[in-house]
Amino acid sequence: MKLTFGLKQYIPFAATVLSLATVASAATAYINQIGYRPADPKEFALVDGTGDIEIVNAAGQTVLQVTPKASSYWAPSTQNVQLVDFTALTVPGTYSIKQGGQVLRSDLKIADKTFEDVAKAALKWYYYQRASMALEETYAGQWKRDAGHTKTTVTLHSSTGTSGTIESSKGWYDAGDYGRYIVNSGITTYTLLSLYEHFPEYFNTLKWNIPAEGTLPDLLAEIKYNLDWMLTMQAADGGVYHKLSTLQFPGDVMPAKDTGKLYVIGKGSAATFDFAGVMAAAYRVFKTFDATYAAQCLEAAKKAYAWGLQNPNKAFTNPSDVATGSYSDGELSDEKAFASMELFISTGDASYKPTIDPNKTSIVPAWPEMYGLAVYAAATHATELGADAETAKSMLLQYANEFAYAATTGFGVVMSNEDFVWGSNAVAGNQGVFLLYAYYVTGEQKYYEAAKKVIDYLLGKNPLDMSFLTGFGTKSPLKPHHRPSTADKVTPPIPGMIVGGPQPGGEDIGSESWECKDYRTGVPATSYTDDRCSYATNEVAINWNAPFAYIAGALEALNAGYAPSFAAPGVAKGGTSAIKPFVTRNRVSVENAPRLRFDDQKVFIEKSGKRFDLKGNHLK
């Protein structure tokens with residue numbers, strides 16, 4: 001059948017096509033949905049935009065007009081992206097972004113203490129993950145729940161090399177499941193201990209409504225709840241058991257309904273060395289609050305390390321009857337280096353002192369990659385480490401320079417294709433922490449700015465246009481893979497959780513009722529679904545929250561005037577050199593810049609208090 005169109009029929013069709021084309025080509029602005037600090041460098045990402053950007057205040061007045069930077073291709077999303085620098089806007093408020101008369105968005109915020117609430121929420125989430133205790137409404141609000149896993153006597157699995165039972169309780173549930181794992185607790189607890197050790201004055205007073213633990217600051221009270229559990233996992237011979245879990249993952253039930261038998265499973269070098277390093281650091285942090293507890297931590301660290309020296313290559317793999325998280329790691333020298341470094345710093349005993357290997361390349365920390373923590377410690381303890389401190393600093397800056405450059409292109413974040421692995425948001429977070437260490441030891445603002453861009457990315461300046469932190473942002477995850485948030489019959493998920501983030505592996509895709517439909521987009525940075533089925537992109541985990549909490553907390557502490565004791569001069573905001581965008585670091589200061597002057601109808605140039613004629617001759 002042949003169809004014909006008269007002119008009157010064709011025009012509306014053409015108008016519709018043109019309208020759709022206009023919509024399809026409309027620009028999109030991607031911002032940090034929580035906001036920007038007035039004095040910070042500030043930028044957002046723009047895709048498919050043409051022309052200058054106007055930023056408009058609540059009264060409808062254009063307060064800033066900006067020309068976007070040249071576009072650059074970002075491979076993880078296959079997009080050409082323009083970065084828009086609006087650092088010049090410093091007045092707190094909520095603004096709209098316009099281009100060509102079109103409002104791209106109306107939720108651009110500038111505010112003081114921008115990340116204080118998200119830092120508190122990310123840290124309070126550990127309270128929601130507590131095992132063995134009820135969460136009372138006073139602290140948990142609508143997410144109150146009964147205590148789970150209260151039975152303290154647990155069975156030793158044959159994989160531990162022994163039999164019988166031990167007494168074990170407390171600790172944090174690891175992720176969306178209810179297992180407790182020493183290896184993942186290792187990097188998590190150390191990251192939070194470091195946050196306190198770097199900014200004790202700030203965290204001595206910061207509170208977020210959790211049960212008191214004597215006179216401890218909230219951050220240390222929360223850390224101690226997990227340390228107490230970790231201490232129960234050390235065997236009499238000094239070795240440390242790998243994990244405490246049921247044999248299989250539970251269904252979508254609340255902790256109190258997970259009544260499967262608990263087992264202590266495995267014992268190996270990774271868990272033991274991780275434990276030793278964490279306990280050595282805990283000694284330093286807790287000794288001013290509770291000398292007895294600190295001494296207990298240090299003795300446990302020494303005992304674990306001694307076992308590790310006798311068993312340096314005892315790798316853990318899941319026994320055949322166990323299906324919970326394995327956290328298996330075949331390379332164990334990095335855990336040993338981490339434990340050695342922390343024990344040396346805490347004791348001064350040269351027998352523990354490791355030598356930093358400048359040829360190590362995997363130095364951005366992750367649970368199986370602990371060498372970077374030894375590099376951090378060496379770079380920040382120059383007096384104790386001497387030449388090794390310089391080696392570590394050089395290693396740190398080599399990568400940090402590459403990261404800082406990468407953050408000037410694409411979405412303004414370090415991430416590349418290979419970083420979009422399971423838990424990609426933790427990769428981003430650990431890159432941000434890495435950059436902050438570079439900032440601490442040098443004071444160079446390019447590292448601060450690149451680290452801040454990581455939190456911009458995680459809070460919305462990304463190609464999914466979403467904040468990856470539950471409960472915060474214009475658009476955030478509503479259905480995380482997290483059993484309490486699924487089973488509690490409360491519509492909003494527990495706030496303060498960083499979801500794993502996009503990655504193209506599709507490990508949770510399948511035809512079973514509990515599996516996901518295919519959400520992969522063909523590109524890494526958008527292969528994500530906000531669905532409870534997606535443990536590969538939308539689960540939460542304690543080690544994913546930790547670097548985010550560190551960055552948010554450190555940025556707030558720095559801008560409150562605090563800096564780590566080892567930091568270079570001027571690192572704290574308000575110190576000898578204020579934080580400024582690194583792109584201006586080589587410009588001549590305003591005070592010393594040449595200025596054109598007029599005096600009694602004569603024209604001259606003034607620079608640094610001296611006067612020159614227009615030919616450059618110095619005027620006496």
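# Exercises on cavities, a pocket, helices and a disulfide

The largest cavity has a volume of about 70 Å³. The model is predicted, and the exercises below work through its features one by one.

## Exercise 1: the largest cavity

Find which residues line the largest cavity and which elements they come from.

Step 1. Count the cavities: four of them reach 30 Å³ or more.

Step 2. List the lining. Around the largest cavity stand Tyr-190, Thr-191, Ser-194, Pro-365, Leu-373, Tyr-376, Asn-430, Val-433, Tyr-437 and Tyr-550.

Step 3. Assign elements. Two or more lining residues come from each of helix 4 (182–198), helix 10 (371–379) and helix 13 (424–442).

Step 4. Sort by class. Seven of the lining residues are nonpolar and three are polar, with no charged residues.

## Exercise 2: the second largest cavity

State the volume of the second largest cavity and describe its lining.

Step 1. The volume is about 50 Å³.

Step 2. The lining has 13 residues, and the closest to the centre are Tyr-178, Gly-179, Ser-245, Thr-246 and Pro-250.

Step 3. By class, the lining of the second largest cavity holds five nonpolar, six polar and two charged residues.

## Exercise 3: the largest pocket

Work out how much space the largest pocket holds and which helix gives the largest share of its lining.

Step 1. The space in the largest pocket is about 1,000 Å³.

Step 2. Its lining is made of 36 residues; Trp-367, Trp-422, Gly-423, Asn-543 and Trp-544 are the closest to its centre.

Step 3. At least two lining residues are supplied by each of helix 12 (387–406), helix 13 and helix 16. Helix 13 gives the largest share, four residues.

Step 4. The classes in this lining are 20 nonpolar, nine polar and seven charged residues.

## Exercise 4: helix 2

Check the span of helix 2 against its number of residues, then decide how covered the helix is.

Step 1. Helix 2 runs over residues 116–128, which is 13 residues.

Step 2. At 1.5 Å a residue the expected span is 18 Å, and the end C-alpha atoms lie 19 Å apart, so the two values agree.

Step 3. A residue counts as buried under 20% relative accessible area. In helix 2, 11 of the 13 residues are buried, so by this cut-off the helix is mostly covered.

Step 4. Name the buried residues: Glu-116, Val-118, Ala-119, Ala-121, Ala-122, Leu-123, Lys-124, Trp-125, Tyr-126, Tyr-127 and Tyr-128.

Step 5. Find the cover. The elements over these buried residues include helix 3 (137–140), helix 4, helix 5 (200–203), helix 6 (218–232) and helix 16.

## Exercise 5: helix 7

Repeat the span check for helix 7 and count its buried residues.

Step 1. Helix 7 has 18 residues, 269–286, and should span 26 Å at 1.5 Å a residue.

Step 2. Its end C-alpha atoms are 25 Å apart, which agrees with the expected span.

Step 3. Of its 18 residues, 18 are buried.

## Exercise 6: the disulfide and a buried cysteine

Identify the cysteines joined by a disulfide, then say whether Cys-297 is buried or exposed.

Step 1. There is one disulfide in the structure, and it joins Cys-516 to Cys-533 with an S to S distance of 2.0 Å.

Step 2. Cys-516 and Cys-533 are 17 residues apart, and each lies in the loop between helix 15 (483–487) and helix 16 (542–559).

Step 3. The link of Cys-516 and Cys-533 is right-handed, with 115° about the S-S bond. Both cysteines are buried.

Step 4. Cys-297 has a relative accessible area of 0%, so Cys-297 is buried.

Key: Residues are numbered from 1 along each chain as its sequence is written. This is a predicted model: local features need pLDDT of at least 70, side-chain atom pairs count only at pLDDT 80 or more; totals for chains, interfaces and linings use all residues. Side-chain values use heavy atoms; hydrogens and water are left out. A disulfide is a pair of cysteine sulfur atoms within 2.5 Å. Buried means under 20% relative accessible area, exposed over 50%, partly exposed in between (1.4 Å probe, protein chains only). On a 1 Å grid over the protein atoms alone, a cavity is a set of points where a 1.4 Å probe fits but cannot get out, and a pocket is an open set with protein on both sides within 12 Å along at least five of seven lines; lining residues have an atom within 4 Å of a point. Grid points are joined across faces, edges and corners, and a volume is the space filled by probe spheres set on the points. Ala, Val, Leu, Ile, Met, Phe, Trp, Tyr, Cys and Pro count as nonpolar, Asp, Glu, Lys and Arg as charged, and the others, Gly among them, as polar. The expected span of a helix is 1.5 Å times one less than its number of residues. Contact means heavy atoms within 4.5 Å.
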